[in-house]
Amino acid sequence: MTPQQKEDLDKLALTTKTPFDFFFSARRYHRTNKGTALAFEDWPWLADIYRDPSSSLVIRKAAQVGISEFLVAKAFYLCQQGKSGLYVMPTETGMFTFVSNRVNRIVALSPRYREMVHSAEGSNSTVLKHIGTGGLKFVGSNSESSFIEYPADFVIADEYDRCHQGNLLLLYDRLKATFVKREPVSIAVSATTLPEYGIDARYAQTDQREWRVTCPFCHAEQGIDWFANVVEQVAGQWQLIDSVWKENLTRDIAMYCVACGEPWLDERARVIKDGRYVAQNPEKRQRGYHVSRLLDTHTPIRNLWEGTIGEEGAKRVGFRDARGDASALMVFHNSDLGLPYHPQGAGISREDLLSCVRQGYYLPPRIGPDEQGGQYRGAVTAGVDVGKKYLYVVISWYPGGRQHLASIGTVPNVEDL
């Protein structure tokens with residue numbers, strides 16, 4: 001490309017009349033907070049997400065797989081087209097840190113973004129940035145007022161599971177005004193937490209795209225699964241399939257084909273690079289992606305097995321040491337595999353509640369005073385929250401099917417309850 005052609009492209013990129021392909025735009029103009037350009041040679045599963053033109057995306061992911069970079073690049077691309085949007089994070093405190101330490105640094109290191117912000121001649125604060133003819137407002141999900149005072153053409157919810165779930169519902173009210181003008185854009189992204197909650201529940205309503213690979217030995221296509229390609233159960237205990245691997249070996253732990261049982265060691269990078277996304281639920285219109293750290297070939301399998309030491313000396317527990325620790329297992333599933341996990345015996349599941357239902361039980365109507373001093377028939381309910389010193393009790397009745405508070409208070413123990 002000649003210097004003149006490059007200059008012409010740069011000029012076109014600033015106009016809202018030229019809808020540049022997002023993948024091209026991000027690769028050409030985006031710079032990470034380390035000042036490097038985006039490279040997709042070893043991350044084809046990430047490149048396909050950048051290429052997806054869908055207006056509604058749900059991404060169920062592991063930690064540190066490049067998706068936050070994608071969200072920032074996508075936000076600037078949409079602003080470049082003259083759109084205004086909301087970028088939502090769990091808390092205002094976390095939002096300020098994210099913008100100050102990451103977004104502002106990306107702007108400073110990306111000449112195109114820096115020019116778009118400066119040419120807008122508008123706000124360039126931590127909360128609101130005018131970008132070209134568009135705008136981007138950063139909000140914490142714990143601040144309801146932030147959701148209702150800024151109409152948006154697009155919304156991005158980062159760390160969806162850790163956001164205030166009730167306030168997230170208000171996000172889509174902000175998009176209603178755009179329906180008659182142009183199709184709104186909605187992106188929800190998160191590391192998972194519990195099954196059927198948050199991003200996992202959203203992902204279940206999508207076409208559920210998973211990265212599938214082909215074994216170089218038997219040519220069987222398969223997904224990438226820690227519990228099928230890396231470990232197996234032996235006498236009730238999860239063990240490495242690569243039984244000859246030892247900690248003193250310099251080589252990585254091998255992955256294995258689920259069909260022929262051949263190891264992928266030197267072939268791992270090539271196998272994953274040649275993969276493709278396949279929709280597991282193709283009848284659904286909304287796009288959904290699942291991204292595991294197993295797809296990142298720069299992360300050795302032994303790191304996921306042994307764990308790693310963080311920058312501040314904190315130990316990140318691997319699967320080897322997490323096997324007997326429910327909390328560590330949950331972190332491994334959520335942060336490394338991008339999968340939901342409910343530790344056995346931790347919390348109350350729907351099945352636990354249903355198992356307590358007394359079969360054939362009938363709750364007779366209660367009798368009590370109504371608002372006019374007469375009598376009514378309806379249910380009475382009590383809810384109890386266990387505190388350190390007290391039991392907090394709320395009692396309600398339901399005249400006409402509507403909840404009315406009868407009592408709010410505390411009692412010291414179960415006997416008094």
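Arginine 276 is partly exposed, because its relative accessibility is 45%, and partly exposed is the class between under 20% and over 50%. Keep in mind as you read that this is a predicted model. Arginine 276 has a partner of opposite charge: it forms a salt bridge with glutamate 221, and the closest N and O atoms are 2.9 Å apart. Since arginine 276 lies in strand β13 and glutamate 221 in strand β8, the pair ties together parts that are 55 residues apart in sequence. Glutamate 221 counts as partly exposed too, because its relative accessibility is 34%.

What strand do β13 and β8 have as a pairing partner? Look for β7, which spans residues 209–214. With β13 (residues 276–279), β7 pairs in the antiparallel sense over four bridges. On that side, glutamate 210 stands opposite valine 278 of β13. With β8 (residues 221–223), β7 again pairs in the antiparallel sense, here over three bridges. There, arginine 212 of β7 has glycine 223 of β8 as its bridge partner. Now follow the chain from β7 to β8: the two strands form a hairpin with six residues between them, and histidine 219 in this hairpin takes a positive phi near 65°.

Let us stay with β7 and look at its side chains. In a regular strand, side chains alternate between the two faces of the sheet. Along β7, Arg209, Trp211 and Val213 point to one face and are buried. Glu210, Arg212 and Thr214 point to the other face and are not buried.

You may be surprised to find an arginine among the buried residues. Which residue does arginine 209 meet in a salt bridge? Its partner is aspartate 207, with 2.8 Å from N to O. Both arginine 209 and aspartate 207 are buried. By the distance rule for salt bridges, the count comes to 16.

Another salt bridge takes us to a new part of the chain. Arginine 320 and glutamate 247 form a salt bridge whose closest N and O atoms are 2.7 Å apart. This pair links distant parts of the chain, as arginine 320 is in helix α13 and glutamate 247 is in the loop between β10 and β11, 73 residues away. Glutamate 247 counts as exposed, because its relative accessibility of 54% is over 50%. Some salt bridges also share partners: Asp52, Asp207, Arg209 and Arg287 are joined in this way into one network.

Now turn to aspartate 242, which is found in the loop between β10 (237–240) and β11 (255–256). Is aspartate 242 buried or exposed? It counts as buried, because its relative accessibility is 1%, and the limit for buried is under 20%. Which side chain makes a polar contact with the side chain of aspartate 242? It is that of arginine 251, at 2.8 Å. Leaving out residues up to four places away in sequence, aspartate 242 touches Arg251, Asp252, Ile253, Ala254 and Tyr256.

Next comes arginine 323, in the loop between α13 (319–322) and α14 (326–337). Arginine 323 is partly exposed, because its relative accessible area is 25%. The side chain of arginine 323 reaches two backbone oxygens: that of tryptophan 238 at 2.7 Å and that of arginine 320 at 2.8 Å. Beyond its neighbours within four places in sequence, arginine 323 is in contact with Gln237, Trp238, Gln239, Trp305 and Leu329. Take glutamine 239 from that list: arginine 323 is 84 residues from it in sequence, yet the two C-alpha atoms are 9.9 Å apart in space.

Our last stop is a second hairpin, where four residues join β19 to β20. Strand β19 (residues 380–386) and strand β20 (residues 391–397) run antiparallel and are joined by seven bridges. In this pairing, valine 384 has valine 393 of β20 as its bridge partner. Valine 384 also takes part in a nonpolar patch on the surface, together with Val386 and Leu417. The three residues have about 280 Å² of accessible area together. Leucine 417 comes from the segment after β21 (404–411).

Methods
Residues numbered from 1 in each chain as written. Predicted model: local features only at pLDDT ≥ 70, side-chain atom pairs only at ≥ 80, totals over all residues. Heavy atoms only, no water. Buried < 20%, exposed > 50% of the residue type's maximum accessible area, 1.4 Å probe, protein only. Pairing = 2+ DSSP bridges. Polar contact = N/O pair within 3.5 Å; in protein donor to acceptor, adjacent residues only side chain to side chain. Contact = heavy atoms within 4.5 Å. Patch = residues over 30% accessible without salt bridge, like charges linked within 9 Å, V, L, I, M, F, W, Y side chains within 5 Å. Areas by Shrake-Rupley, 256 points an atom, 1.4 Å probe, with all protein chains shown as cover. Salt bridge = Lys/Arg side-chain N within 4 Å of Asp/Glu carboxyl O.
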